[in-house]
Amino acid sequence: MPFTANRQFKSHPMLLSRAQGMHYFTPDGRQVLDGAAGLWCVNAGHGRREIVEAVSAAISELDYAPPFKIGHPLAFAAADALGPLLPPGFTNSFFVNSGSEAAETALKIARAYHVARGEPDRIWLIGRERGYHGVNFGGISVGGIPHNKAAFGPLLQEVDHLRHTHDLGRNAFSRGQPAHGAELADDLLRIIAERGSERIAAVIVEPMAGSTGVLPPPKGYLERLREITSEHGILLIFDEVITGFGRLGAPFAAERFDVLPDMIAMAKGMTNGTIPMGAVAVQGHVYEGMMQGPIGTIELMHGYTYSGHPAACAALMATLKIYEREDLFARVRSLETYWEDAVHMLRQAPNVLDVRNIGLVGGIELAPLEGRPGVRGSDVYRRAFEGGLLVRVTGDTIALSPPLIISEPQIEEIVEKLGRAIADSSQELA
Ligand SMILES: Cc1ncc(COP(=O)(O)O)c(C=O)c1O
């Protein structure tokens with residue numbers, strides 16, 4: 001099992017066997033409120049029949065088509081359907097099957113783009129501490145989570161990291177974007193001075209770091225990164241695997257923060273979690289930059305057997321229709337203040353070091369037990385689940401990211417159930 005204590009799991013398994021709307025159900029019939037959209041995926045809520053039916057129809061018609069040197073109409077229709085959601089200037093998308101593949105693909109496109117343009121020395125890839133870009137070798141190299149690298153030997157060498165932006169001293173209990181930290185983007189200037197701007201291919205960041213505990217970008221930070229990268233011919237990649245498809249109240253965080261990267265990696269909410277799918281969307285100048293060499297040249301020596309699979313394309317198009325018809329991204333904006341006030345109530349729970357929020361995301365950072373980091377977080381996670389609430393935990397931070405269809409009473413229920421889990425855990429672990 002992924003990211004799971006496999007042997008321990010068997011002695012105390014947690015299982016989900018059914019889902020509908022805002023809820024999961026366990027095999028013994030217990031109802032669990034989904035405070036995590038599964039794993040940041042199920043933005044339109046569970047059990048959407050029209051996605052099931054679209055997938056079924058698509059694979060009844062065409063079960064599979066090889067994507068190398070040949071296409072099928074649904075893949076182009078899916079790319080066209082995605083187009084209007086992308087920020088201005090984005091012209092093309094490359095389909096993959098997961099967030100990890102999207103991140104990996106974006107890094108490879110960055111290097112290949114510079115090769116195609118005659119700057120093959122631009123090979124350095126810059127990530128950020130506490131960044132998560134999936135689990136493949138490129139992604140863990142630019143990623144900033146030491147535990148995820150420890151067992152896997154040498155990674156990409158031409159990689160450097162910006163410092164992370166988490167600053168409890170100055171920003172604890174911020175609502176929305178924290179006030180302090182824009183200057184951390186200037187770390188890139190230090191790296192440029194050390195490595196040479198003409199050797200740097202790309203910077204990759206999550207506009208809001210999700211997996212390492214919900215870190216909204218400080219005000220002005222992304223703008224500054226964009227300024228420096230543009231000045232030095234460095235591509236800026238936003239990993240929007242979590243922030244894409246409405247999580248922050250806009251199709252992408254790029255639109256929410258009004259900062260335009262050169263590439264966007266996406267997955268998760270793309271198909272409402274139903275069928276594995278990801279994509280890298282690129283600005284026109286990236287696409288055009290890659291279209292070099294005599295006609296007949298394969299411009300990008302990269303791709304997957306299941307790139308643009310008919311089932312995934314059908315799921316994407318049906319999902320986008322739901323997002324649009326139910327205006328779910330605007331719904332996030334209209335719920336955001338209510339959500340913010342509700343999650344900040346958790347400040348009163350014991351051992352809470354910070355509450356942070358943006359869009360329909362909340363992070364509650366708990367004080368670690370002395371010498372046992374992560375134990376309190378795991379205990380709260382399990383208690384919340386037993387009390388009928390699914391959350392996400394990383395270390396001692398609880399992340400909340402419910403489906404965008406959530407109601408106000410359900411927001412109250414999340415806060416009440418999580419508050420109880422934190423209080424009970426504090427008593428037990430005191
Ligand atoms: C920002 C980001 N990038 C990449 C990934 C990896 O996605 P996947 O698990 O689909 O490979 C994730 C997953 O949580 C993510 O949050």
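Here are some questions and answers about this structure, which is a predicted model.

User: Which helix gives the most residues to the shell around the ligand?
Analyst: Let's start with the shell itself: 14 residues surround the ligand, and the closest are Ser 98, Gly 99, Ser 100, Gly 134 and Val 241. One helix, spanning residues 99-116, supplies 3 residues of that shell. The top contributor is helix α5.

User: How many residues of the shell around the ligand are charged?
Analyst: Sort the shell by class and you get 5 nonpolar and 7 polar residues. What's left is the charged group, and its count is 2.

User: Which strands stand at the edges of the sheet?
Analyst: The open sheet has 7 strands with mixed pairing, in the order β4-β10-β9-β8-β7-β5-β6. An edge strand has a single partner, so one of its sides is left without a neighbour in the sheet. Those strands are β4 (90-96) and β6 (159-162).

User: In what sense do β4 and β10 pair, parallel or antiparallel?
Analyst: Strand β10 covers residues 278-283, and 6 bridges link β4 with β10. Within this pair, Phe 94 stands opposite Val 280 in β10. The sense of the pairing is antiparallel.

User: What angle does the direction of α8 make with that of β6?
Analyst: Two helices are worth a look here. α5 packs on the sheet, touching β4, β5, β7, β8, β9 and β10, and its direction makes about 30 degrees with that of β10. Helix α8 (residues 187-195) packs on the sheet too, touching β5, β6 and β7. For α8 and β6, the angle is about 155 degrees.

User: Are α3 and α12 roughly parallel or roughly antiparallel?
Analyst: The axes of helix α3 (residues 49-61) and helix α12 (residues 310-325) come within 8 Å and cross at roughly 150 degrees. Angles over 145 degrees count as roughly antiparallel. So α3 and α12 are roughly antiparallel.

User: How many nonpolar residues does the contact of α3 with α12 have?
Analyst: The residues making this contact include Ile 51 and Val 55 of α3, along with Met 317 and Ile 322 of α12. Just 1 polar and 1 charged residue take part. The nonpolar count is 14.

User: What about α13 and α15: roughly parallel or roughly antiparallel?
Analyst: Helix α13 (residues 328-344) and helix α15 (residues 408-429) have axes 9 Å apart and pack at an angle of about 20 degrees. The cut-off for roughly parallel is under 35 degrees. That's why α13 and α15 are roughly parallel.

How values were computed
Residues are numbered from 1 along each chain as its sequence is written. This is a predicted model: local features need pLDDT of at least 70, side-chain atom pairs count only at pLDDT 80 or more; totals for chains, interfaces and linings use all residues. A residue is near a molecule or strand if its C-beta atom, placed from the backbone, lies within 6 Å of it. Helices (H or I, at least four residues) and strands (E, at least two) are DSSP runs, numbered from the N terminus. Ala, Val, Leu, Ile, Met, Phe, Trp, Tyr, Cys and Pro count as nonpolar, Asp, Glu, Lys and Arg as charged, and the others, Gly among them, as polar. Axes are lines fitted to C-alpha atoms, for helices over the stretch in contact, and angles run from 0 to 180 degrees between N-to-C directions. Angles under 35 degrees count as roughly parallel, over 145 as roughly antiparallel, 65 to 115 as roughly perpendicular and the rest as oblique. Two residues are in contact if their C-beta atoms, placed from the backbone, lie within 7 Å. Two strands pair if DSSP finds at least two bridges between them.
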